[in-house]
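Biologist: Please take a close look at a single part of this model, the enclosed space inside it. Then work outward from there.

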Amino acid sequence: MATFMDQAKDFVADKIAHMEKPSADLTWVQIKDVSHKAVTLKSDVTVTNPYDHDLPVVEISYRLRSNNREITSGTVGDPGSVPANANTVMEVVSDVSPSFLFNLMKDIGADWDIDYDFDVGVKLNLPIIGSFTIPLHKKGCLKLPTLSDLF
């Protein structure tokens with residue numbers, strides 16, 4: 001009886017290992033808006049659902065760092081769901097204090113940009129399996145606006 005159970009477990013594990021899984025992709029971080037109160041940063045997460053039913057996205061957590069200093073972090077709670085056999089773009093938006101960006105000025109240098117590491121976790125609720133997080137990472141360079149861009 002034990003060998004039958006072992007074979008059944010192996011069969012199920014093999015089927016789950018080879019079935020299509022949801023995937024996600026992350027765009028570059030960009031500046032959405034600049035005001036005297038905050039600089040709004042934005043990135044898009046594209047989630048692909050290979051299943052025949054809607055896939056709920058529980059939350060999207062994010063952390064943006066530059067030179068081992070955290071610029072912003074947070075979560076986007078209940079961003080919606082991905083329709084069956086489709087892709088959905090979900091926006092990750094965060095406000096950063098301009099004073100914090102001015103503190104980064106010494107790291108910016110002559111090229112007027114910020115090198116960053118952007119970590120995102122897309123938490124999905126998969127049937128049978130339960131909660132599942134897709135980790136994403138993007139390394140890039142955020143070009144800051146100049147005074148002539150603002151006025």
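**The largest cavity and its surroundings**

Modeller: The largest cavity has a volume of about 60 Å³. This is a predicted model. At the cut-off of 30 Å³ or more, the count is one cavity.

Start with the walls. The lining consists of Val29, Leu41, Lys42, Ser43, Tyr62, Leu64, Thr72, Val92, Ser94 and Phe118. Sorted by class, that is six nonpolar, three polar and one charged residues. Three strands, β3 (39–49), β4 and β6, each supply at least two residues of this lining. The largest share, three residues, comes from β3.

Now set that in the whole chain. The protein has four helices and eight strands. Along the sequence the pattern reads α-β-β-β-β-β-β-α-α-β-β-α. Of the 151 residues, 34% are buried.

Next, the nonpolar packing. The largest nonpolar core has 29 residues. Those with the most contacts inside this core are Val45, Phe118, Val120, Val122 and Leu136. Two or more residues each come from β1 (23–26), β3, β4, β5, β6, β7 (113–126) and β8 (130–143). The most come from β7, which gives seven residues. Phe118 appears in the cavity lining, and Phe118 is also among the core residues with the most contacts. The strands β3, β4 and β6 recur too: each supplies at least two residues of the lining, and each gives two or more residues to the core.

What about the aromatic rings? The count of aromatic pairs comes to zero, with ring centres required to lie within 6.5 Å. One ring does have a charge over it. The charged end of lysine 138 sits over the ring of tryptophan 28, 4.3 Å from the ring centre.

Then the start of the strand region. Glutamate 20 lies in the loop between α1 (2–18) and β1. Its relative accessibility is 58%, so glutamate 20 counts as exposed. Proline 50 is 30 residues from glutamate 20 in sequence, yet their C-alpha atoms are 6.4 Å apart in space. Serine 23 follows in strand β1. At 34% relative accessibility, serine 23 counts as partly exposed. Serine 23 has a distant partner in sequence as well. Threonine 48 is 25 residues away along the chain, and the two C-alpha atoms are separated by 5.2 Å.

Last, the backbone in two loops. Asparagine 68 is not a glycine, yet has a positive phi of about 60 degrees. Asparagine 68 sits in the loop between β4 (55–66) and β5 (69–82). Exposed or buried? With 74% relative accessibility, asparagine 68 counts as exposed, because the cut-off for exposed is over 50%. Asparagine 85 also has a positive phi, near 50 degrees, and is likewise a residue other than glycine. The place of asparagine 85 is in the loop between β5 and β6 (86–96).

Back to the cavity. Its volume is about 60 Å³, and β3 gives the largest share of its lining.

Terms used. Residues numbered from 1 in each chain as written. Predicted model: local features only at pLDDT ≥ 70, side-chain atom pairs only at ≥ 80, totals over all residues. Heavy atoms only, no water. Phe/Tyr/Trp six-rings, centres within 6.5 Å; stacked < 30°, edge-to-face > 60°. Lys NZ or Arg CZ within 6 Å of the ring centre and 35° of its normal. Buried < 20%, exposed > 50% of the residue type's maximum accessible area, 1.4 Å probe, protein only. 1 Å grid on protein atoms, 1.4 Å probe; cavity = no way out; pocket = protein on both sides within 12 Å on 5 of 7 lines; lining within 4 Å. Points joined across faces, edges and corners; volume = space filled by probe spheres on them. Nonpolar A, V, L, I, M, F, W, Y, C, P; charged D, E, K, R; others polar. Core = buried A, V, L, I, M, F, W, Y, C linked by side-chain atoms within 4.5 Å.
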